Amino acid sequence: MGDHRSLPEPAPFTVEDFAERLRRAARAAREAGLDGILVTPGPDLLYLTGYAPVAITERITMLVIPVDAEPAMIVPRLERPDAEAAPGATILRITDWTDGSDPYAESAALLAGAGRYAVSDSAWAMHLLGLQDHLPESSYISMTTALPMLRAIKDEDEIERLAAAGAAADQAYEEIVTMRFAGRSEADVGSDLADLLRRFGHSQVDFTVVGSGPNGANPHHEVGPRVIEDGDMVVLDFGGLKHGYGSDTTRTVHVGEPTAEEREVHDVVRQAQQAGFAAVRPGVECQEIDRASRAVITEAGYGEYFIHRVGHGIGLTTHEPPYMVEGETQILHPGMCFSIEPGIYLPDRFGVRIEDIVTVVPDGGRRLNQTPHEMRIVQ
């Protein structure tokens, strides 16, 4: 297949993109009854400002988004030039602190003394405790708890990046199934997968699962020294970042001719994945996607062997809200992007999982992975 490196890079996000994200964040905080949001280095800061410090260290960097004032960011003085070069920096009031001063006193000056704030999940405990020492009447709640949907609804530019990442992962799959599996270790095949993701434009590889034979029955097995044998079912689950946005896809292949039971289990999972996709539309609760896939597997008699939620959100990270899981009543909206990945895991024997990334569109769902779901026979 063709190489995605020849395709043009997507246009960078603009200052107005970041300004709108900051305004939306402030509105969401106000609606949640908060005084603001505290954002530390990680995906939230990248999303809201375009700034990713070269190194995340013990020196506090924090964006403060009050509900009733302009956003401000405090950074270590030695990192101020990098912060000021970020795409969204021109709409921020940037201050700094120096080694030897009290960074928490200077950070606390940006907050309301008795304010209630959502805090990035990636915040260091020492930073939050330092703020609390200076603002004992302040209170904090995790971003995922208070504002789980802050990054969940993607705009067209974000979906374009997710689609490009998905297409690149598809290319990697179409290449890997032409290679030999039998007689090679899982680690060797995983290394090939990682190389292919990079070849097709990924800047970061987050995982390459190659679960052969009994290892496929462990959903979080990645790779190991086991040599793949003729007759093995092999779960391939891989992804990373391209243009800053995630890919994550799973297909299950078979080395040589499968048994009737292996074909049956694979077909049940294929039908379950399709049922989950068919349930996607605006206004549906996230848990209904899990229920739709799970019902197919349960009806086929394999319910006890489907041992994880059916999906997770994806964006700047490969796992983020929303989650397709029983009990999640969050409503689907156009622009949400998430995986649908049912599986059956027969202990000490084999496993099957099939996964696509899906985005919600006005009349249903759109797959961002296009490779066939049918079992592929490999050598």
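**Exercise 1. Which residues in α7 meet which residues in α8?**

Before you start: this is a predicted model, where local features need pLDDT of at least 70, side-chain atom pairs count only at pLDDT 80 or more, and totals for chains, interfaces and linings use all residues. Residues are numbered from 1 along each chain as its sequence is written, and side-chain values use heavy atoms, with hydrogens and water left out.

*Solution.*
- Step 1: find the helices. α7 covers residues 156–176 and α8 covers residues 186–199. Helices (H or I, at least four residues) and strands (E, at least two) are DSSP runs, numbered from the N terminus.
- Step 2: list the contacts, meaning heavy atoms within 4.5 Å. On the α7 side you get Ala169, Ala172, Glu175 and Ile176; on the α8 side, Val189, Asp192, Leu193, Leu196, Leu197 and Arg199.
- Step 3: sort them. The contact splits into 7 nonpolar, no polar and 3 charged residues. Here Ala, Val, Leu, Ile, Met, Phe, Trp, Tyr, Cys and Pro count as nonpolar, Asp, Glu, Lys and Arg as charged, and the others, Gly among them, as polar.

**Exercise 2. Work out how α9 is oriented against α10, and do the same for α7 and α8.**

*Solution.*
- Step 1: take the angles. Axes are lines fitted to C-alpha atoms, for helices over the stretch in contact, and angles run from 0 to 180 degrees between N-to-C directions. Helix α9 (260–278) packs on α10 (286–299) at about 155°, with axes 8 Å apart.
- Step 2: name that orientation. α9 is therefore roughly antiparallel to α10. Angles under 35 degrees count as roughly parallel, over 145 as roughly antiparallel, 65 to 115 as roughly perpendicular and the rest as oblique.
- Step 3: turn to the other pair. α7 and α8 pack at about 135°, axes 9 Å apart, so these two are oblique to each other.
- Step 4: look at the α9–α10 residues. Val268, Gln271, Ala272, Gln273, Ala275 and Gly276 in α9 touch Ile289, Ala292, Ser293, Val296 and Ile297 in α10. That contact divides into 7 nonpolar, 4 polar and no charged residues.

**Exercise 3. In what order do the strands of the open sheet run, and which stand at the edges?**

*Solution.*
- Step 1: read off the order. The 6 strands go β4-β3-β2-β1-β5-β6, with mixed pairing; two strands pair if DSSP finds at least two bridges between them.
- Step 2: check the ends. β4 (93–97) and β6 (139–142) each have a single partner strand, so one side of each has no neighbour in the sheet. From one strand to the next, the twist averages 25°.
- Step 3: zoom in on one edge. Strand β3 (72–76) runs parallel to β4, joined by 5 bridges. Valine 75 has aspartate 96 as its bridge partner in β4.
- Step 4: add a helix. α5 (125–134) lies across β1, β2, β5 (116–119) and β6, at about 155° to β6.

**Exercise 4. Find the salt-bridge partner of aspartate 96.**

*Solution.*
- Step 1: apply the rule: a side-chain nitrogen of Lys or Arg within 4 Å of a carboxyl oxygen of Asp or Glu. The whole structure gives 26 salt bridges.
- Step 2: pick the pair. Aspartate 96 meets arginine 77 at 3.2 Å, N to O.
- Step 3: place both ends. Arginine 77 sits in the loop between β3 and α3 (80–84) and aspartate 96 in strand β4, 19 residues apart.

**Exercise 5. Track down two backbone oddities.**

*Solution.*
- Step 1: recall the norm. Most residues other than glycine have a negative phi, and most peptide bonds are trans.
- Step 2: check histidine 243, which has a positive phi of about 55° and lies in the loop between β8 and β9 (245–246).
- Step 3: check the bond from proline 321 to proline 322, which is cis, omega near 5°. Proline 322 belongs to strand β12 (320–324).
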